[in-house]
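Student: I would like a close look at a single part of this model, with the cut-offs stated. Please keep to what the coordinates support.

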Amino acid sequence: MIKNSILSFLAAGALVAPAIAQNTTLVVQPGAPVLDGVVTAGEWASSPLVTARGVTLNAMADGDYLYVAASWADATENAAYSPLTFNGTGWSRNGDEDRIAFVFDMGQTGSDGANCQAFCHFPIMSTNGGTVDVWQWRASRSNPMGIADDTHWNPTGQIHDDGVTAVLLNAQDDVTGLPGFMASVDPGAIANFLVENADALAAFDPYGVQADKKVEEAVAFNAGATFAVNDKIPGTVLRVPSGSVADVNAAGAYAGGVWTVEFKRPYAGGAQDFTVVPGTSVQFVHELFDNQGSNHALDATPVDPTLYTMDFSAIVGVSVEPVSDALPRRSVLGQNYPNPFAGTTSIDVEIAVPAFTRVDVLDLHGRVVRTLLQQDLAAGQYNIPFDSRDLASGSYFYRLTSGAFSETRAMVLVR
C-alpha cells in the first residue's frame, strides 16, 4: 500500500516527516464568506485548524457551496512561473511560484492516498483502484483567473478534469526553446501576466486581488523582434477556463508576509469531484510549496503526511413533517417562540406551494450563521426547532426562502 511506501521513503532520510498536528478535524460551519483573499474579522465562523505545515484552515458551507480559507506565513510573494529570459542569443526558463494543494478522498482507504508528493511524483501509486480529487492553486497560474486547477489522480496518473485549463505553457516547442507568445506592447522587458486574447484580458482577476499587477494581451512571438539581454517574457499564457476543471473558484492575496487563499466550490461539482454531503465527512491531505517550480518534488521542506478530516455534521438541517392537515392560502414566516430566548426556540412556517425550502439564521451583517432547514417541502404548516448552541448573545435575523417566496424576521438570543 502507498502508506508503507511513504513511511519507507521518509525513513530512508530523503525527507523528514513533520510533527503530526494535535487536531486533525476541520468542522465546517454554516455561512457564506466573501471570496476576496481576505479573512475579515468575524467573517469565518468555523473553528480553525492549524496543520502540521503551519497553515490555518477554515471551512464554511451555505447549502449550495463549500468555502475553504487557507492562510500561511511566507517571507516573499512569488508569482513568476518559469519566465523566459533572453541571454543575447537564446531563451532560458527560471522562476518559481507559491502554491498550495489539497487532495480529497474519493475511494482511498485511510492514509493509502495521504501524500500528494507520493501520488504526483513517485511511482508508488495506490493499489486499490481509488481516485482522489485535487485542488491546486498556483500564484501565477490559478490566482489571476480566479480558479484553482481542478484535477484528479488515480492509479494511472494525474489527470485534468474535463474542460479547458486556465494556462498554456508559453513555448513553440521543446526543441527550439523559443516563446510561443509575447506581449502586444513592449515585447522585450515584460514580466507581467500575459493573457491569450481580449476575452481573457476582460476576465482577468475576477475578484480584484491583483489590482496592482500589470497584464498584457498576447501576440504571436516575433523572432525578428529586437531583444536586450535579460529581457523577459512570461512563461505561461492565461486563458478563460471552462468545464469542470474550473469548478473550484479561488482568490488569493499576499499582505504583511502572509498568503491567504479562499476557495469556493458547489456541493456537487463535475464527475471527478467529491460531493459535499451534509452529515458526513471527507478525508483530505494538503501540501504547501514555497517558491517552487517544476522541480518542487525535490523540495527539502518536509511534506505533511497527516490525514485530515473535513466534518460536515454542523451543516445538517432538520428534516420536518407537516404539523397540521390544513393547507395554507399563502406562505408565511411566523415569529419565533419564545422570543427573546436563552437556548432553544421554534419557528412556525406555512408553505402554500410545494417548493425547495430553506430557513437560515443570519447575523446583523446578513451572514448565514446556521442553516436550519434545506429540503423540498409539500404545502402545509411546519414547526422548525432552533438550538442556538455556540452562538453568542445578541440580535439575529432568520429568513424563510421557499420557491419565489422570501421573508425575514428578527429574534433575540439572551444567555
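Student: How many of the 8 residues of strand E24 (residues 355-362) are buried? Please describe the strand, its partners and its charged residues, and then set it against the rest of the chain.

Tutor: This is a predicted model, in which local features need pLDDT of at least 70 and side-chain atom pairs count only at pLDDT 80 or more, while totals for chains, interfaces and linings use all residues. Residues are numbered from 1 along each chain as its sequence is written, and side-chain values use heavy atoms, with hydrogens and water left out.

In strand E24, 7 of the 8 residues are buried, so the strand is largely enclosed by the rest of the structure. Buried means under 20% relative accessible area, exposed over 50%, and partly exposed in between (1.4 Å probe, protein chains only). Helices (H or I, at least four residues) and strands (E, at least two) are DSSP runs numbered from the N terminus.

Two strands pair if DSSP finds at least two bridges between them. E24 runs antiparallel to strand E25 (residues 368-377), and 8 bridges join the two. One of the facing positions is Ala355, whose bridge partner in E25 is Leu377. E24 and E25 make a hairpin with 5 residues between them, and Gly366 in the turn has a positive phi of about 85°. E24 also pairs with strand E27 (residues 394-402), again in the antiparallel sense, over 6 bridges. There, Arg358 has Thr401 of E27 as its bridge partner.

Arg358 also takes part in a salt bridge, with Asp360, where the closest N and O atoms are 2.9 Å apart. A salt bridge is a side-chain nitrogen of Lys or Arg within 4 Å of a carboxyl oxygen of Asp or Glu. Side chains of opposite charge can pair when their charged atoms come close. Both Arg358 and Asp360 are buried. The pair belongs to a network of salt bridges that links Asp64, Arg358, Asp360 and Arg399.

The whole structure has 9 salt bridges. Another of them joins Lys213 to Glu77, with the closest N and O atoms 3.4 Å apart. This pair links distant parts of the chain, 136 residues apart: Lys213 lies in the loop between helix H3 (198-203) and strand E15 (215-220), and Glu77 in the loop between strand E5 (65-73) and strand E6 (84-86). Lys213 counts as partly exposed because its relative accessibility is 27%. Glu77, with a relative accessible area of 35%, is partly exposed as well. Lys213 also forms a salt bridge with Asp212, at 3.2 Å between the closest N and O atoms. Asp212 has 63% relative accessibility, so it counts as exposed.

Elsewhere in the chain, an open sheet of 3 strands has the order E22-E23-E26, with antiparallel pairing. Its edge strands, E22 (332-333) and E26 (380-387), each pair on one side only. Strand E23 (residues 344-351) and E26 are joined over 8 bridges, and Ile351 stands opposite Gly380 in E26.

As for the totals, the chain has 3 helices and 28 strands, and 50% of its 415 residues count as buried. Of the contacts (heavy atoms within 4.5 Å) with a separation of 6 or more, 69% are between residues 24 or more positions apart.
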